[in-house]
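Hello,

Here is the structure I promised to pass on to you. Have a look at it first, and my notes follow underneath.

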Amino acid sequence: MSIADNIRIVRERIQKAALNSGRDPKEVRLIAVTKGVSIEKITEAVRCGIDTFGENYAQEFRNKYEVIEKTLGSKVKWHFIGRLQRNKVKYLLGKVELIHSLDSLTVAEEINKRAQKLGTLVPVLIEVNTSGEKQKGGIPLDELKDFLNRVRDLPSVKVIGLMTMPPYFDNPELTRPYYRKLRELRDELQKLLPDLRELSMGMSVDFEVAIEEGATMVRIGTLIFGPRSV
Amino acid sequence: MDGIVLASSSPRRRELLEKLGIDFRVIPPQIDETPFPDESPYSYVLRISTEKALSVSRSLSGNWIVIGADTTVTVDDEILGKPEDKEEARVILNKLSGREHTVITAFCIVRSKAEILHKQIVESKVRIKRLEPWEIEGYIKTGEPMDKAGAYGIQGIGAFMIEEIHGSYTNIVGLPLSQLIDVLTKLGVLKLFSCQDEHC
């Protein structure tokens with residue numbers, strides 16, 4: 001199947017999942033994940049109406065950004081969704097619309113420092129480790145409030161939501177408790193911080209469950225571009 | 001549970017539920033149905049169906065299951081509600097002529113008082129034939145367009161203009177029965193048929 005067909009089917013499934021759970025489909029934003037995806041395929045996806053792409057690696061992002069900025073610049077927004085190291089922050093600022101994966105104070109401080117120099121405000125999501133798996137990134141549940149307060153002290157970083165990566169299951173239904181947990185955290189935090197509204201959760205295997213639980217951004221790669229070797 | 005309440009003043013919704021032989025009461029809700037500026041059709045029907053169910057549930061004492069529903073017609077993200085006069089009916093019917101539009105119904109199920117159990121939207125596509133000016137005028141004269149979202153009734157004289165539909169028919173009338181019954185059954189509120197063989 002072509003990328004165009006894949007995108008149409010994904011959009012229909014997003015629409016259906018939103019309607020079935022009593023949500024306006026416009027509340028759900030599709031982020032096409034382009035880890036290991038060629039420039040040609042990204043260009044094709046733009047032709048099919050995709051306007052936001054998610055990258056996992058700063059170096060890979062840098063290479064693609066340079067090429068695509070010249071050809072499609074204004075049509076495309078980039079999100080950074082991978083593990084972020086302090087020394088890679090400089091490659092992202094001014095180029096990405098949103099960082100989904102903030103989980104370290106040193107990185108937050110680096111973003112703040114560079115953003116101040118640029119005179120910009122950088123929106124971020126805090127990645128939360130909802131499963132407690134040690135090898136996973138993200139802030140542990142019991143440290144979230146403390147971490148959030150420290151990031152809020154940084155004037156050029158703005159937390160606008162939360163992100164999570166649940167454990168992998170063959171049965172998507174089993175991811176539901178993790179997504180529900182993230183939404184409950186968001187609802188609680190939003191009482192004090194009305195701008196903290198985004199929930200980045202759900203990937204190719206389980207985005208419908210995530211939408212039913214309130215996702216406002218789904219990160220989909222495989223269903224659009226096919227499996228990759230990276 | 002004391003029973004099911006349909007929070008609706010639409011005779012069409014009442015008739016749909018009656019046909020299934022379900023026991024229920026009807027209480028018309030009193031709410032302001034004006035859309036917010038820039039409100040999307042989906043957000044609008046969700047909000048109105050929820051307000052209908054909540055407002056009726058608050059007026060009840062006892063343990064009731066209240067169903068609120070709202071239907072709208074939309075083309076190009078515009079809400080085409082009930083026309084206020086003949087001129088507006090004419091404008092809406094001209095917009096629908098010769099093309100496909102979407103009918104969306106949201107339903108909200110609330111347990112009294114004010115506990116939301118479920119919300120869902122169902123959409124159907126309807127293709128209307130190209131309407132001649134005299135057909136529009138004649139149809140408006142029947143009076144049928146006036147109290148209906150999108151200025152037509154598929155179950156009435158309006159059937160003359162329906163070329164094709166895709167999706168639930170009862171959803172276009174005003175209540176997506178299959179989806180609604182499914183949810184009521186899952187919630188344990190209703191059992192349309194009881195199972196008496198080994199499949200139970």
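Here is something to try while you have it open: which residues does B:Ala53 touch, not counting residues up to four places away in sequence? The list is B:Ala7, B:Val66, B:Ile67, B:Gly68, B:Cys108, B:Ile109 and B:Val110.

Before you read on, please keep in mind that this is a predicted model. The predictor gives the complex an ipTM of 0.85 and a pTM of 0.89. For chain B the average pLDDT is 95, and 99% of the residues score at least 70.

**The core and helix α2 of chain B**

B:Ala53 is also a good way into the interior. The largest nonpolar core has 107 residues, and B:Ala53 is among those with the most contacts inside it, together with A:Ile211, A:Val218 and B:Val66. The largest share of this core comes from α2(B), which gives eight residues.

That helix deserves a closer look. In chain B, α2 covers residues 41–58, 18 residues in all. From first C-alpha to last it reaches 26 Å, close to the 26 Å expected at 1.5 Å a residue. Because 13 of its 18 residues are buried, α2(B) is largely enclosed by the rest of the structure.

**Where the chains meet**

The contact between the chains takes ten residues from chain B and six residues from chain A. On the chain B side, α2 and β6 (115–128) each supply at least two residues. The most comes from β6(B), with five residues. Sorted by class, the side of chain B that touches chain A has five nonpolar, three polar and two charged residues.

**Chain B as a whole**

Chain B has six helices and seven strands. Along the sequence they follow the pattern β-α-β-α-β-β-α-β-β-α-β-α-α. The radius of gyration of chain B is 18 Å, close to the 16 Å that the globule rule gives for 200 residues, so chain B is as compact as a globular protein of that length. Its C-alpha atoms fill a box of roughly 55 × 40 × 25 Å, taken along the principal axes. Of the 200 residues in chain B, 38% are buried. If you count the contacts in chain B with a separation of 6 or more, 68% are between residues 24 or more positions apart.

**Chain A as a whole**

Chain A has nine helices and nine strands. Here the radius of gyration is 17 Å, close to the 17 Å from the globule rule for 230 residues, so chain A is as compact as a globular protein of that length. The C-alpha trace of chain A spans about 50 × 40 × 30 Å along its principal axes. Buried residues account for 39% of the 230 in chain A. Among the contacts in chain A with a separation of 6 or more, residues 24 or more positions apart make up 58%.

One residue in chain A makes a handy landmark. A:Gly36 sits in the loop between β1 (29–33) and α2 (39–47) of chain A. Is A:Gly36 buried or exposed? The answer falls in between: A:Gly36 has 15 C-beta neighbours inside 10 Å, so it counts as partly exposed. If you want a second landmark, try A:Leu185, which is 149 residues from A:Gly36 in sequence and 32 Å from it in space, C-alpha to C-alpha.

Enjoy exploring it!

Best wishes

Terms used:
Residues numbered from 1 in each chain as written. Chains lettered and ligands numbered in written order. Predicted model: local features only at pLDDT ≥ 70, side-chain atom pairs only at ≥ 80, totals over all residues. Helix = DSSP H or I, 4+ residues; strand = E, 2+ residues; numbered from the N terminus. Expected span 1.5 Å × (residues − 1). Buried ≥ 20, exposed ≤ 12 C-beta atoms within 10 Å, placed from the backbone. Core = buried A, V, L, I, M, F, W, Y, C linked by C-beta atoms within 7 Å. Contact = placed C-beta atoms within 7 Å. Nonpolar A, V, L, I, M, F, W, Y, C, P; charged D, E, K, R; others polar. Rg over C-alpha atoms; globule rule 2.2 N^0.38 Å. pLDDT = per-residue confidence, 0-100.
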